[in-house]
Amino acid sequence: MILDASVAGNAAGSIDDGVVVASVFHVGDRRVHGPDADDLTMLIDALEAWRQRGHEGPVDLELSEDERPIVAASLPWLIVDGGAKHVAHRFHCGAAVLVRGSSLDDAAVAVDVGLRIVIEADAHDAITTAWSTEMAASNVSQGAYVSGQVHDLGLEARLGMQAQAGPVWPPRGALADGGLPEHGACLSMTARVVSWTRLIAAGCPSEFAIRAPALGGLTSMILSFEEGPSGVFLHADGHDNDVNIDDDVQLVVRRVYAQDGVLRYGRKAIRL
Amino acid sequence: MVDVAMVGAGQTPYGTHPAAMKDMWADAVRSCFASIDGDLAPASVDEVFLGSTAFGGGQLGNTAAYLAEHAGMAGVPARRIENACASSGFALRDGWAAIASGRADVVVVGGVEKMNDLTPERKRYWLGVSGDTEWERLAGLTFPGTYALMARRHMHEHGSTHDDLVHISVKNHAHALDNPDAHLRKDVSFEKAASGMVIADPLTLYDCCPTSDGAAAVVLASADVARKLTDTPVWMRGSGAASDHLALHDRPSLTTLAATRSAASQAYAQSGITASDLDLVEVHDCFTVAELLATEDLGLTERGQGGVFARDGEGRRNEGRTTVNGSGGLKAKGHPLGATGAGQAVEVFKQLRGDAGPRQVRDAEVGLTHNVGGSGATCAVHVFGRSVE
């Protein structure tokens, strides 16, 4: 099957009993993960594609204990593991959500040539090696430290864009009158560029210092949401850094960085 | 309230120092007390207010006690005030308040930072700890990045250009040539500054201040004490301070620092001085765009006209409307974080007493200091005059 639609920076296609997504990145004809993607982000993207096609509800997922809170925070609409009619599969640089009992010949999944982003083998190897180095337990971050506890407590806002009533994002701990803030709706996953900068490799924060050279730097953006709040986000996947003020972008789940042997996920932006 | 005056001021040269933090601080204190016309010993002051981020963490706790003891002030109540790059601007405000309220008669206010004795990895860590760690930092932003976002937005909204920022860089480097305490004393041409290596687009190397070692100290005194110590006190006529959202994305605008506007408004109201009265200002130009925004937020020019102000040379010493960063500013004099606000006061002290040598601003009667923490989360503004009213 040929995937010829674009979803969350991936190629996607519908089949009779489900939806399939796969990475658009290729080294020659070989499909590879994008610079910020992995099997878990592909799974989340497949579930998001499934929802965009009108589905929601319980899905059986095979998740590790580390992955479960990432998926739950990223897809607050999803009911996981409910003896569901649907089940999510992962395959090489792709994922599918299928009706239970059906099967997918993932060897037959291909991305439409027009959607492919072809990268050099050396560039792919460099980013893969950089992630591996960054994720090693011996790589103690020299960047500003965010504890696992602080990171995990912010997951609903970081991945699900959960806002405080107002709306205020990210949520605060107290109101100006001393009261307790109430939960509000989640912000939309699309936004507009207010300003942007490209940090060259030498100017990047040290927690990104291993990967930034392989990407030629990082693009960071202030984004404004239609609900009112603004936020700051990195450009996803590093392949398309040509952004402008007033561009519309979509937020997708990607790897952000690794610290002290733990991989952190967050929302990054891609141009619509 | 009691009137407050600066009666002494001194600093170390800024740059890459061979001396340890405690020795730089002692040097600054000695220089400060040597500048006092009358007799006053460090041990006789009532309190010490010390600004520092304690960069490097070598003496992160009880820094003030450690440093006070090393500079002849053992036993004097001392505390460290930390507000990132605005630490000693806020120390100045707290010292002023201690005297204005009548609680103290004479205090030492200062700051110190030792930044260049660390490995590159440790230095990068400490340079990042004053921003919004949980959200901005994880989106790749350190201060070059946040100020680059402000610069690009200002260009978009108001038509300013990178050339406008280059004018600021060239001016401040030229001013620093006459300052023996400046970190970067070199003539920088427009062409060179315009073609610097990009750090955070659109900002280049020549838009960024250096990381400096240095210390600065001033002595503040009540009016009665000041008049006994000198015939030429420099009066602190207004003090303002404000905070804002830590993260840039939480602010309504990227092209103005609300904390600067609020702090300046307080200082102007208290002093009865307006922006048009100012002969010189020392503003917080950690990046050139920060000076551009400061000229607008302090009222030296209209909002959106900071680029034109720079382009027209309105901040050039003894040439423009108001001398902006006649010392060279953070850009060229240097930026030893916690010492910067106090160092600005040292410069104003020298200028208003006519002691600034070749960089003297003609007929200087009124000056202002503007000290910002991070990307504008905190700001302290002070107005000084040769006369008490």
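Two residues are in contact here if their C-beta atoms, placed from the backbone, lie within 7 Å. The model on screen is predicted.

**Stop 1: B:Met6**

Select B:Met6 and display what surrounds it. Leaving aside residues up to four places away in sequence, B:Met6 touches B:Val218, B:Val219, B:Leu220, B:Pro233, B:Val234, B:Met236, B:Ala345 and B:Phe349. B:Met6 also belongs to the largest nonpolar core, a set of 196 residues. The core members with the most contacts inside it are B:Met6, B:Val48, B:Val107, B:Val218 and, from the other chain, A:Ala46. Both domains of chain A, domain 1 (2-119) and domain 2 (139-271), give at least three residues each to this core. In soluble globular proteins, nonpolar side chains tend to be buried together.

**Stop 2: the two domains of chain A**

Colour residues 2-119 of chain A as domain 1 and residues 139-271 as domain 2. Their C-alpha centres are 23 Å apart. Where they meet, 16 residues of domain 1 of chain A are in contact with 19 residues of domain 2 of chain A. On the domain 1 side, helix H1 (39-52) and helix H2 (68-74) of chain A each supply at least two of the touching residues. H2(A) provides the largest share, four residues. By class, this side of domain 1 of chain A has nine nonpolar, four polar and three charged residues.

**Stop 3: the sheet in domain 1**

Next, show the strands of chain A in the order E2-E3-E4-E10-E9-E7-E8, which form an open sheet of seven strands with mixed pairing. Strand E2 (5-7) and strand E8 (79-80) of chain A are the edges, each pairing on one side only. Now narrow the view to strand E9 (residues 86-91) and strand E10 (residues 94-99) of chain A, an antiparallel pair with six bridges. Within this pair, A:Ala88 stands opposite A:Val97 of E10(A). Add H1(A), which packs on the sheet and touches E2, strand E3 (10-15), strand E4 (18-22), strand E7 (58-60), E9 and E10 of chain A. The direction of H1(A) makes about 45° with that of E10(A).

Stay with this sheet and pick A:Ala8 in the loop between E2 and E3 of chain A. A:Ala8 is not a glycine, yet has a positive phi of about 50°. Is A:Ala8 buried or exposed? A:Ala8 counts as buried because 23 other C-beta atoms lie within 10 Å, and the cut-off for buried is 20 or more.

**Stop 4: a hairpin in domain 2**

Move to strand E16 (residues 218-224) of chain A and its antiparallel partner E17(A), joined over five bridges. A:Met221 faces A:Phe233 of E17(A) across the pair. Five residues lie between the two strands of the hairpin, and A:Gly228 takes a positive phi near 125°.

Then isolate strand E17 (residues 230-234) of chain A, where five of its five residues are buried. One side of E17(A) carries A:Ser230, A:Val232 and A:Leu234, the other A:Gly231 and A:Phe233, and both faces are covered. In a regular strand the side chains alternate between the two faces of the sheet.

**Stop 5: the contact between chains**

Show both chains and select the residues where they touch: 29 residues of chain B are in contact with 31 residues of chain A. On the chain B side, helix H4 (120-127), helix H5 (143-158) and strand E5 (198-200) of chain B each give two or more residues. H5(B) makes the largest contribution, seven residues. The chain B side has 14 nonpolar, seven polar and eight charged residues.

**Stop 6: backbone details**

Which residues does a cis peptide bond join in chain B? B:Asp201 and B:Pro202 are joined this way, with omega about 10°. B:Pro202 is in the loop between E5 and strand E6 (203-204) of chain B. In chain A, A:Gly166 and A:Pro167 are linked by a cis peptide bond with omega about -5°. Find A:Pro167 in the loop between strand E13 (162-164) and strand E14 (183-186) of chain A.

B:Ala84, in the loop between strand E3 (78-81) and helix H3 (87-100) of chain B, has a positive phi of about 55° although it is not a glycine. B:Ala84 is buried, with 21 other C-beta atoms within 10 Å.

**Stop 7: B:His162**

End at B:His162 in helix H6 (residues 162-176) of chain B. B:His162 counts as partly exposed because it has 19 C-beta neighbours inside 10 Å. From there to B:Lys22 the C-alpha to C-alpha distance is 40 Å, and the two are 140 residues apart in sequence.

Terms used: Residues numbered from 1 in each chain as written. Chains lettered and ligands numbered in written order. Predicted model: local features only at pLDDT ≥ 70, side-chain atom pairs only at ≥ 80, totals over all residues. Domains from an automatic or database assignment. Nonpolar A, V, L, I, M, F, W, Y, C, P; charged D, E, K, R; others polar. Core = buried A, V, L, I, M, F, W, Y, C linked by C-beta atoms within 7 Å. Buried ≥ 20, exposed ≤ 12 C-beta atoms within 10 Å, placed from the backbone. Pairing = 2+ DSSP bridges. Axes fitted to C-alpha atoms, helices over the stretch in contact; angles between N-to-C directions.
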